[in-house]
Amino acid sequence: MAAKKTIPRVTLPEGVRLDTLAVREGLPRSQWGENSEALFLTSSFVQPDAATAAARFANEEEAFIYSRFTNPTVTMFERRLAAMEGTEACIATSSGMAAILLTAMALLKAGDHVICSRSVFGSTITLLGREFAKFGVETSFVSQTDVDEWRRAVRPTTRLLFAESPTNPLTEVCDIRALAEVAHEANALLAVDNCFCSPALQRPVEYGADLIIHSGTKYLDGQGRVVAGAVCGPEQLINDKFVPVMRSAGMTLSSFNAWVVLKGLETLSIRMQAQSERALKLATWLEQQPQVERVFYPGLTSHPQHELAMAQQSGCGGAVLTFVVKARTPGDAAAARLTAFHVIDSTQVCSITANLGDTKTTITHPASTSHGRLTEEQRQAAGITQGMVRIAVGLDDVEDLKADLLRGLNSL
Ligand SMILES: *Cc1c(COP(=O)(O)O)cnc(C)c1O
């Protein structure tokens with residue numbers, strides 16, 4: 001876990017770049033010299049003697065003790081992700097939502113106030129707005145793109161600003177640098193959910209974000225195998241505030257899942273590039289289809305924050321796009337929903353699943369899946385309509401994806 005300064009690091013030359021860190025950063029090899037990182041599938045670690053065990057349990061000496069809070073495979077994943085995000089430390093969690101839960105538990109107490117974008121992941125809205133409200137933490141939900149609204153929402157009790165960029169499913173982009181300024185003027189921290197871009201395309205610390213949240217389930221694993229999460233940030237903050245909560249509350253990433261995600265990081269950069277290229281091609285094509293009313297994709301010049309996205313995201317739009325099918329009777333939400341369902345159900349290549357970040361292209365209807373638990377009012381506030389279809393582009397051939405969508409679009 002984050003603390004282990006005295007546990008040796010892998011030795012790499014000073015200043016090696018992201019792609020090298022992605023395949024090499026971690027712990028030194030064990031005495032067996034394995035080239036691929038070992039999977040330490042063990043719940044506890046044997047101590048040399050009782051006195052050493054006592055010192056280690058008292059945090060006087062750093063060592064692996066028990067896999068609820070320390071495991072070498074998990075540490076390898078944490079070190080590698082921290083290196084890629086450009087943060088000092090990282091703490092892995094059992095899921096992306098557990099990463100947000102851990103962040104809230106670590107930083108907030110009754111009476112504290114949070115400002116959060118209205119457009120973040122549906123479960124994040126529920127976790128902060130409903131679950132944490134039960135413990136006396138109040139959250140103001142504000143516009144993803146209107147920085148003044150964030151500034152006006154600041155109170156003396158504001159501790160945390162929470163943003164996500166680009167968002168699901170509308171791919172709205174926030175100005176991370178501007179939000180970091182609002183947070184720091186208010187003596188609060190800015191947490192950015194970097195799920196959609198991953199460090200391969202966007203490193204929010206470079207724009208002043210304090211904490212980076214990850215759902216490792218998405219692009220970090222990248223092949224739809226495991227659920228995982230992580231929080232990256234400054235070492236002292238992680239050690240003082242996050243590690244003790246993890247130790248008591250145990251939203252731990254299993255070593256097996258950590259190993260899968262660790263190996264996923266090795267191909268993250270080439271997958272993000274390839275999937276983003278395909279997404280841009282598909283979005284450009286969709287925008288030309290007469291049955292499509294609108295396409296949301298940061299790589300298109302029609303996207304309202306196109307320039308900001310290109311500057312913040314290494315010139316890349318990412319791999320998620322959303323489009324609205326043209327309704328035969330405008331304003332009829334039920335008809336729009338049926339039309340979207342028809343397009344989804346006509347596909348034979350795409351996987352119908354709300355997950356994203358897989359090499360297999362996925363297709364979903366946000367209003368009834370990822371955002372189905374929101375009230376109609378919350379959905380409208382987030383701009384999610386019944387005619388929307390979200391595609392998370394994988395590594396399928398883009399011509400096959402076009403044909404797959406045309407099946408439904410041509411038979412509306
Ligand atoms: C999926 C997702 C999460 C939650 O991650 P899980 O691993 O499913 O718990 C959080 N934020 C965003 C943006 C996501 O897409």
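Two strands pair if DSSP finds at least two bridges between them. Keep that cut-off in hand for the exercises below. The model is predicted.

**Exercise 1. Find how strand 2 and strand 3 are joined, and decide whether they count as a pair.**

Step 1. Strand 2 and strand 3 (residues 138-142) are joined by five bridges.
Step 2. The cut-off is at least two bridges. Five bridges satisfy it, and strand 2 pairs with strand 3.
Step 3. The two strands run parallel.
Step 4. Take one bridge: Val114 has Thr139 in strand 3 as its partner.

**Exercise 2. Work out whether strand 2 is enclosed or open, using burial.**

Step 1. Buried means under 20% relative accessible area.
Step 2. Look at one side of strand 2: His113, Ile115 and Ser117 are buried.
Step 3. Turn to the other side: Val114 and Cys116 are buried too.
Step 4. Five of the five residues of strand 2 (residues 113-117) are buried, so the rest of the structure largely encloses this strand.

**Exercise 3. Describe the open sheet and say which helices pack on it.**

Step 1. The sheet has five strands, in the order 8-9-12-11-10, and its pairing is mixed.
Step 2. Strand 8 (292-296) and strand 10 (351-352) are the edges, each pairing on one side only.
Step 3. Helix 11 packs on the sheet and touches strand 8, strand 9 and strand 12. Its direction makes about 15° with that of strand 9.
Step 4. Helix 13 (residues 333-345) lies across strand 9, strand 10, strand 11 (362-364) and strand 12. Helix 13 runs at about 130° to strand 9.
Step 5. Strand 9 (residues 320-325) and strand 12 (residues 388-392) pair in the antiparallel sense over five bridges. In one of them, Leu321 is matched with Ile391 of strand 12.

**Exercise 4. Characterise helix 11 and its packing against helix 15.**

Step 1. Helix 11 (residues 268-287) has 20 residues. From first C-alpha to last, helix 11 reaches 28 Å, close to the 28 Å expected at 1.5 Å a residue.
Step 2. Its buried residues include Leu282, Trp285 and Leu286.
Step 3. Helix 11 packs with helix 15 (residues 398-409) at an angle of about 35°, and the axes are 10 Å apart. The crossing is right-handed.
Step 4. Helix 11 brings Arg278, Lys281, Leu282, Trp285 and Leu286 to the contact. Helix 15 brings Val398, Leu401, Lys402, Leu405, Leu406 and Leu409.
Step 5. Sort the contact of helix 11 with helix 15 by class: eight residues are nonpolar, none polar and three charged.

Notes. Residues are numbered from 1 along each chain as its sequence is written. This is a predicted model: local features need pLDDT of at least 70, side-chain atom pairs count only at pLDDT 80 or more; totals for chains, interfaces and linings use all residues. Side-chain values use heavy atoms; hydrogens and water are left out. Helices (H or I, at least four residues) and strands (E, at least two) are DSSP runs, numbered from the N terminus. The expected span of a helix is 1.5 Å times one less than its number of residues. Buried means under 20% relative accessible area, exposed over 50%, partly exposed in between (1.4 Å probe, protein chains only). Axes are lines fitted to C-alpha atoms, for helices over the stretch in contact, and angles run from 0 to 180 degrees between N-to-C directions. A crossing is left-handed if the near helix is turned anticlockwise from the far one by less than a right angle, and right-handed if clockwise. Contact means heavy atoms within 4.5 Å. Ala, Val, Leu, Ile, Met, Phe, Trp, Tyr, Cys and Pro count as nonpolar, Asp, Glu, Lys and Arg as charged, and the others, Gly among them, as polar.
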